[in-house]
Every structure is written in structure tokens, then in C-alpha cells.
Amino acid sequence: MIDLHGHLGRYAFPIPDLTAAGVVHVMDRCGVARMVCSHMQCMSADDAWGNSQVLSCMRQAPGRILGYVSVFPATPERVHDSVSRWLDAGFTGLKLHDANGFRYDDPAYLPAYELANARAMPVLLHTWGGAPQFGAALAMARRFPDLTLILAHGGSANPDAYISTVLAAPNIVMDTCFSRCPLGLLEYLVKGAGADRVVFGSDCYFYSLTQQLGKVMAADLDEAVQRKVLFENAERILSAIRPARTGP
């Protein structure tokens with residue numbers, strides 16, 4: 001299984017083991033082969049330190065812990081330089097946040113999308129059912145058709161808006177991480193958006209990996225659909241990543 005929404009680092013609640021080995025131990029217990037992680041500092045201006053911590057974990061657990069670049073969009077130039085540096089270091093995609101006061105279509109974010117688009121990388125956006133988030137995500141997906149936008153927390157508020165946004169562009173998917181997840185929600189999202197457009201995300205450490213995995217495995221979905229959600233869709237997204245273009 002592949003988890004496309006993980007986190008590393010300390011936050012405002014107790015986390016007993018902050019090490020890469022601790023994360024891999026939980027992944028092994030649950031049968032998760034790879035987890036793509038951003039640092040808890042993805043919502044702050046201390047993104048460089050957070051990215052360096054993710055890179056350290058990537059090197060301690062190669063092939064198991066992959067990295068999303070976090071970036072604080074102070075200026076387009078800063079975003080371009082920061083994202084370029086971390087992608088060249090081996091990161092797998094981007095994790096963007098709007099809790100920092102910047103909309104997802106803010107001009108300062110554009111270099112990040114451009115770099116991800118050039119490499120056909122995934123870009124994970126924190127969403128929680130807000131119309132401005134969906135509108136900005138759709139605009140960026142249409143402007144940068146080679147990247148894959150992942151809407152986090154599918155169905156957390158206004159499930160129909162998640163479905164309609166995913167269906168509005170072929171390079172948008174949604175992930176499954178949502179702690180409350182009312183009975184039947186996952187089935188509703190899969191039926192509405194299609195089994196190819198929903199990917200597994202746990203939001204570990206915010207949510208328990210075991211709980212988030214259990215809700216998918218216990219959902220009323222046949223085995224072929226579960227396989228798409230838990231592995232095949234993510235594998236398709238990650239295998240599409242291409243190396244940076246060099247030269248003219």
C-alpha cells in the first residue's frame with residue numbers, strides 16, 4: 001500500500017516517537033510500503049528547516065519515506081529557488097497550504113506549480129470543503145495539466161464539491177484522510193468520482209494510520225476497487241514523475 005499524505009516532526013500534541021525508524025515500524029505493522037511526507041512546519045515560514053528534517057528521514061529510510069516540499073510563498077523568487085533546491089535533492093512532490101494566508105492561486109505559488117508540472121509531480125493541497133480552495137485548485141490544474149493535484153481530506157465538508165472538482169479536470173484526485181468519516185462516505189466518493197480518482201492518505205501523525213487504513217479496508221468496496229485506492233492509483237501517479245529537464 002502507498003500513503004500519499006503523511007507528516008513528520010513535532011506538533012501541538014504528544015508524539016511518542018519522532019524518528020524515521022518509528023514511522024517505518026508503524027508502516028511495517030500496517031503493510032504500507034511507501035509514505036510521502038511533509039513536515040509539520042508546512043504551515044509556517046520555517047519551511048527550510050522542516051524540509052531538511054524530511055530529507056534526513058528520506059535518507060534514513062530510502063524508498064520507504066518519500067518527501068513533499070513545503071514552501072512559504074513570500075516571493076516568487078524565493079519559491080522558485082527553494083522548490084528547485086529540494087526537488088533536486090530528491091523530493092517527490094509538493095505540499096502546499098493556505099493556512100499561511102496565501103490562496104492556492106496566489107502568484108507567488110506559480111513557480112512551484114511550474115516546477116512540479118515540468119516533472120509531472122503530485123501537488124498535495126490541504127482542503128476542507130471551501131469553495132475558494134476548489135476554485136483555485138481547478139484553475140491551477142487546468143493551467144498545469146502535467147502535474148497531479150491531490151485534494152486532501154476528501155469529503156470533509158461538502159462531498160459533492162469534492163466530486164465535482166475532481167471530475168472537472170483529469171489531473172485532480174482526492175485523498176481519503178478524514179477522522180470522522182461517516183458511514184458510507186468513502187463509498188459515496190468512489191462512486192461519484194470513480195475508483196481511479198481516490199487515493200489513500202492517512203494524515204499520520206494527525207490521525208492514526210491503523211484507523212485510516214481500517215476504514216478503507218472495512219468499506220463496502222470490492223477488492224479490485226480497494227486495490228486501486230490503496231495502491232494502484234498512487235503507483236500510477238508516482239511512476240509518472242519524470243526527471244528534471246536539462247539543457248535547451
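At 3% relative accessibility, H153 counts as buried. This histidine sits in the loop that links strand 6 to helix 6, in what is a predicted model throughout. Setting aside neighbours within four places in sequence, the contacts of H153 take in H5, H126, T127, W128, Y162, D175, C177, D203 and Y207. One of these partners, Y162, falls within helix 6, which spans 159-167, and another, D175, belongs to strand 7, which covers 172-175. V216 is another matter of distance: 63 residues separate H153 from V216 along the sequence, and their C-alpha atoms are 14 Å apart in space.

D203, one of the contacts of H153, is worth a look for its backbone. It is not a glycine, yet D203 has a positive phi of about 65°. The residue is found in the loop between strand 8 and helix 8, and D203 is buried as well, with a relative accessible area of 4%. Just along the chain, the peptide bond from C204 to Y205 turns out to be cis, with omega near 15°. Y205 is placed in the loop between strand 8 (198-199) and helix 8 (209-217), so the positive phi of D203 and this cis bond go with a loop between those two elements, where D203 has just 4% relative accessible area. A120 offers another positive phi outside glycine, at about 55°. This alanine is located in the loop between helix 4 and strand 5, and with a relative accessibility of 7% A120 is buried too.

C204 also comes up in the cysteine search. How many disulfides does the whole structure hold? The search finds 0. For C30, the reason is distance: its sulfur lies 8.7 Å from the closest cysteine sulfur, that of C204, and a disulfide needs the two sulfur atoms within 2.5 Å, so the gap is too far for a bond. C37 is in no disulfide either, and here again C204 has the nearest cysteine sulfur, 7.0 Å away. Both cysteines are out of the way of solvent by the numbers: C30 is buried at a relative accessible area of 13%, and C37 is buried at 0%.

Turning to the helices, helix 8 and helix 9 (residues 223-239) have axes that come within 10 Å and cross at roughly 150°. That angle is over 145 degrees, so helix 8 runs roughly antiparallel to helix 9. On the helix 8 side the contact is made by L213, V216 and M217, which meet Q226, V229 and L230 of helix 9. Sorted by type, the residues of this contact come out as 5 nonpolar, 1 polar and no charged. V216, the residue whose C-alpha is 14 Å from that of H153, is thus part of the helix 8 contribution, because V216 is listed among the residues meeting helix 9.

Helix 5 (residues 131-143) looks regular in length. Its 13 residues reach 18 Å from the first C-alpha to the last, close to the 18 Å expected at 1.5 Å a residue. Which residues of helix 5 are buried? They are Q133, F134, A136, A137, L138, M140 and A141. These buried residues pack against helix 4 (110-118), strand 5 (122-125), strand 6 (148-151), helix 6 (159-167) and strand 7 (172-175). Several of those partners have already appeared above: helix 4 and strand 5 flank the loop of A120, while strand 6 and helix 6 flank the loop of H153.

Note on methods:
Residues are numbered from 1 along each chain as its sequence is written. This is a predicted model: local features need pLDDT of at least 70, side-chain atom pairs count only at pLDDT 80 or more; totals for chains, interfaces and linings use all residues. Side-chain values use heavy atoms; hydrogens and water are left out. The expected span of a helix is 1.5 Å times one less than its number of residues. Buried means under 20% relative accessible area, exposed over 50%, partly exposed in between (1.4 Å probe, protein chains only). Contact means heavy atoms within 4.5 Å. Axes are lines fitted to C-alpha atoms, for helices over the stretch in contact, and angles run from 0 to 180 degrees between N-to-C directions. Angles under 35 degrees count as roughly parallel, over 145 as roughly antiparallel, 65 to 115 as roughly perpendicular and the rest as oblique. Ala, Val, Leu, Ile, Met, Phe, Trp, Tyr, Cys and Pro count as nonpolar, Asp, Glu, Lys and Arg as charged, and the others, Gly among them, as polar.
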